[in-house]
Amino acid sequence: MHKEFLMGNAAIARGAIAAGLNCVSGYPGTPSTEVLETAAKFNTDGRLYVEWSVNEKAALELAAGAAYCGARTMVTMKQVGLNVASDPLMSLAYIGVKGGMVVLVADDPGPISSQTEQDTRTFAAYSKLPCFDPSSVQEAYEMIQQAFELSEKYHTPVLFRPTTRVCHGYASIDVRDEEEYVVNKPEGFRRDPSKWVIFPRLSFRAHTEIERRNAELSAVLSESGLNPAENSSAGKKGIVTHGISYTYVKEALAALGCELPVLKIGTPFPFPEQAALQFLAGKDEILCVEELDPVIERELTFICGKHHLSANIFGKLTGNIAAAGENTIASVTKAVAEFAGLDLPEREVPSEPPKLPVRPPVLCAGCPHRASFFAVKTAMQGKKSVFCGDIGCYTLGNAMPLDMVDTCLCMGAGVNITQGIGKVEPDTNCFAFVGDSTFFASAITGAVNAVYNQADMTLVILDNSTTAMTGHQPHPGTGKTMMGQVVDKVSIESVLRGVGVKTVETVDPLDLKAAVDCVKRVSAEKGVKAIIFKSPCAVLIKSGKPAYIDPDKCRNCKRCVKLLGCPGIVMRDGRPVIENSLCTGCGLCSQVCPFDAIGGGRNAD
Amino acid sequence: MPTNILICGVGGQGIVLTSKLIAAAAMAAGMEVKSAETIGMAQKGGSVFSFLRVGDGAYCPMFGEGCADILIAFEPAEAVRMLPYLKKDGSIIVNTHAIMPVTAALGGSDYTGKEMLGYLAEQSDNVELVDGEKACAEVGSPRALNMIMLGAAVRSGVLPFGIEDVEDIMKKTVKPQFVEMNSRALRYGE
């Protein structure tokens, strides 16, 4: 054992490696991404197989195959990724695995960077899979190792669901030395169609067995130490909590100087009924402090009914805890104080501060997506158009002044949403914007559907040759893998031509005139046609010489500011100036200045 | 009780590295450390923060309002935004150079940060102003801001270690060619 300062996601990866991990696959998504990245960084000797898959479904199927062979496998994704992987996972719950398999799904209360506030604990109950819910970095490190053991012992994939604050929290924790790692040698695939081929008869048998096993697991987990109670005999009131909210409860109790009994649920499914019953004994009132769904609250209400207990259960359903969004130390302290009948510690309230500038996230200075959106906007000025967006940095194209995202739903959805709008409104110019990584993840099938079903639309691929939003992961179009191999790039243009898109034009969006002409020309054609705006992510390339606004030529029309919304142009003393520390010299602003006042940048000399 | 440190500013100012250096210096001194910071979409030009808790007794990587022993603010408005987290009589180290958000440029507002600094002075007697722009120019790198702010924070005496401890860690963290510049930045204003 030694101490290291680790991010929660790094601790999870390191714990999995200490547990004998053989194979890890996933698709990037905040707040889960660093788990796989840490495993890859640690994989200097090639003991692991690591891959960014094209999407979560592919990642999970790969891991299932490896686990069939006895490999210990982990699949990483964010909560909405689980929706993509749910088809194979629901069936795999029936088939089971030979090697331990942990499906790491990071939930995002808030949500901070997601489309939904779905709760993987609820998915665990739906899919009938055991679920682990760590509350700290150290606990995540220990718990992932227990998750592998339980998975392998019961031949079932298990869910492991940290939330953002555990994933992205850091702590100095005890980690194992390499000599203490478990070494797992997979025995290989053993052919057995009665085991690995899903058929209705097998599913019926498996379902019966799953329900029996989960009843057994509820008892096993009650005794496992994963659902610990503190001060459980002290008084008639108690708190039941989980995950990061447990630490908020502890901070709240310390601040209030109060010692209520606390039960922490580390395995929300199968719910540890015996552990809960022991905690409920002799209690009149229970406050459930949880994030996302009221999973614990419903379970306790159910247990009280089943066992004729008279305790009142409070939480989200009773309005004591907010129905949506993240808990905070402040919100939990307030709820605990009300529950315990205590006053909040008094604090001086500072006087009203001056109006604070708001800082919504924006496309970076020099981002080629800004140029792509601006080119389409310019080309389609005055024409009835709809612009369907998708998931990635380019969702930020919705911000003023670009204002170029009319819809955004989920990964890859924009292509067929555009198709649907076009079927109802045939006189509208329909555009779908999709990034390169999202294209590979889930827009290819959409493109095939649009071609086959005679859509009339322009598919715009924003190709910056990386997965930028989540921190620049490679994908099939980049020609690099997580095993360090340099491989053939999958060509987006060839894919589109292969599925029957006849017009595919590639253009540099930072060449504004060429880009606008291209949009006008291509969008005028009938059927499905595509434009690939190709220009690398501004964060990944060396910045050029910053632009420069010539004060003698500038007539202060502010078009550069008002049309582009680039953080590299700021107002100082009422006039636009270039912020040299941010400007990448992309040259877009010099192409929109009507007075030729902006020089420097890529067009210099 | 742990020492609670809050670092705040705007995405891209080097806050994460500052936080890592404080954590590493604390660990080298054998102390427990927990921290939490902004990651993801909010980093793109948004307000960012890093909570740090050094020493025993912290359950959560974050802390509540009124708990920070020191606020290290890389930008005036961000200092005001996070001020509710500061303890009564806690220390404020603030860079006086304002960063204007795109929304302010669009709205034609002339946010300069001066009104923010005025408010901080009204609220606290324990504000140390750092002219980050001037300091960076004198140190010789626009990237030196985080070390300049960290040096000022260490000299406030609130952090449980000295400038030599931070310097030792910095030398192990940054590329050799940047050690000398970062040393100057850490010791700027001594």
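Is Gln454(A) buried or exposed? Select it in the viewer to find out. Gln454(A) counts as exposed, because its relative accessibility is 62% and the cut-off for exposed is over 50%. The model on the screen is a predicted one, and the tour below moves from this residue to others in chain A, then to chain B.

**Stop 1: around Gln454(A)**

Stay on Gln454(A) and show the backbone on both sides. The residue sits in a loop of chain A, with helix H16 (436-452) before it and strand E16 (457-463) after it. Its phi angle is near 60°, which is a positive value in a residue that is not glycine.

**Stop 2: Asp596(A)**

Next, select Asp596(A). Here too phi is positive in a residue other than glycine, with a value near 55°. The loop that holds Asp596(A) runs between helix H20 (588-592) and strand E22 (598-600) of chain A. Asp596(A) is exposed, because its relative accessible area is 53% and exposed means over 50%.

**Stop 3: Pro31(A)**

Now go to Thr30(A) and Pro31(A) and display the bond between them. The peptide bond joining these two residues is cis, and omega is about 10°. Pro31(A) belongs to the loop between strand E2 (23-26) and helix H2 (34-42) of chain A.

**Stop 4: Pro270(A) and Thr267(A)**

Select Phe269(A) and Pro270(A). A cis peptide bond links them, with omega about -15°. Pro270(A) is in the loop between E11 and H11 of chain A.

Thr267(A) is also on the list for this stop. Its place is the loop from strand E11 (262-264) to helix H11 (273-280) in chain A. How buried is it? Thr267(A) has a relative accessible area of 0% and is therefore buried, since buried means under 20%.

Show the side chains of Thr267(A) and Asn227(A) together. A polar contact of 2.9 Å joins them. Then add the other residues that Thr267(A) touches, leaving out those up to four places away in sequence: besides Asn227(A), these are Cys131(A), Phe132(A), Leu221(A), Leu226(A) and Pro272(A).

**Stop 5: chain A as a whole**

Zoom out and colour chain A by secondary structure. How many helices and strands are there in chain A? Chain A holds 20 helices and 22 strands. Its radius of gyration is 27 Å, close to the 25 Å that the globule rule gives for 605 residues, so chain A is as compact as a globular protein of that length. Taken along the principal axes, its C-alpha atoms fill a box of roughly 80 × 70 × 55 Å.

Switch to a surface view. The accessible surface of chain A is about 24,700 Å², and carbon and sulfur atoms account for 54% of that area. Of the 605 residues, 57% are buried. Among contacts between residues at least 6 apart in sequence, 78% join residues at least 24 apart.

Colour the charged side chains next. Chain A has 59 positive and 66 negative ones, and the centres of the two sets are 6 Å apart.

**Stop 6: Phe49(B)**

Move to chain B and select Phe49(B), which is in strand E3 (residues 47-54). Which residues are in contact with Phe49(B), apart from neighbours within four places in sequence? One of them, Arg165(A), belongs to chain A. In chain B the contacts are Leu6(B), Ile7(B), Cys8(B), Ala36(B), Glu37(B), Thr38(B) and Met82(B).

Add Gly66(B) to the selection and draw a line between the two C-alpha atoms. Phe49(B) and Gly66(B) are 17 residues apart along the chain, and their C-alpha atoms are separated by 16 Å.

**Stop 7: chain B as a whole**

Finally, select the full chain B. It has eight helices and six strands. Following the sequence, they come in the order β-α-β-β-β-α-β-α-α-β-α-α-α-α.

The radius of gyration of chain B is 16 Å, which agrees with the value near 16 Å for a compact globule of 190 residues. The box filled by its C-alpha atoms is roughly 50 × 40 × 35 Å along the principal axes.

In the surface view, chain B exposes about 7,500 Å², with 52% supplied by carbon and sulfur atoms. Of its 190 residues, 56% count as buried. For contacts between residues at least 6 apart in sequence, 61% join residues at least 24 apart. Chain B carries 16 positive and 22 negative charges, whose mean positions are 6 Å apart.

Technical notes. Residues are numbered from 1 along each chain as its sequence is written. Chains are lettered from A and ligands numbered from 1 in the order in which they are written. Side-chain values use heavy atoms; hydrogens and water are left out. Helices (H or I, at least four residues) and strands (E, at least two) are DSSP runs, numbered from the N terminus. The radius of gyration is taken over C-alpha atoms; the globule rule is 2.2 Å times the number of residues to the power 0.38. Buried means under 20% relative accessible area, exposed over 50%, partly exposed in between (1.4 Å probe, protein chains only). Contact means heavy atoms within 4.5 Å. Accessible areas come from the Shrake-Rupley method with a 1.4 Å probe; for residues, only the protein chains shown count as cover. Lys and Arg count as positive and Asp and Glu as negative; His and the chain ends are not counted. The place of a charge is taken as NZ of Lys, CZ of Arg, CG of Asp or CD of Glu. A polar contact is a pair of N or O atoms within 3.5 Å; within protein, one must be able to donate a hydrogen and the other to accept it, and residues adjacent in sequence count only if both atoms are side-chain atoms.
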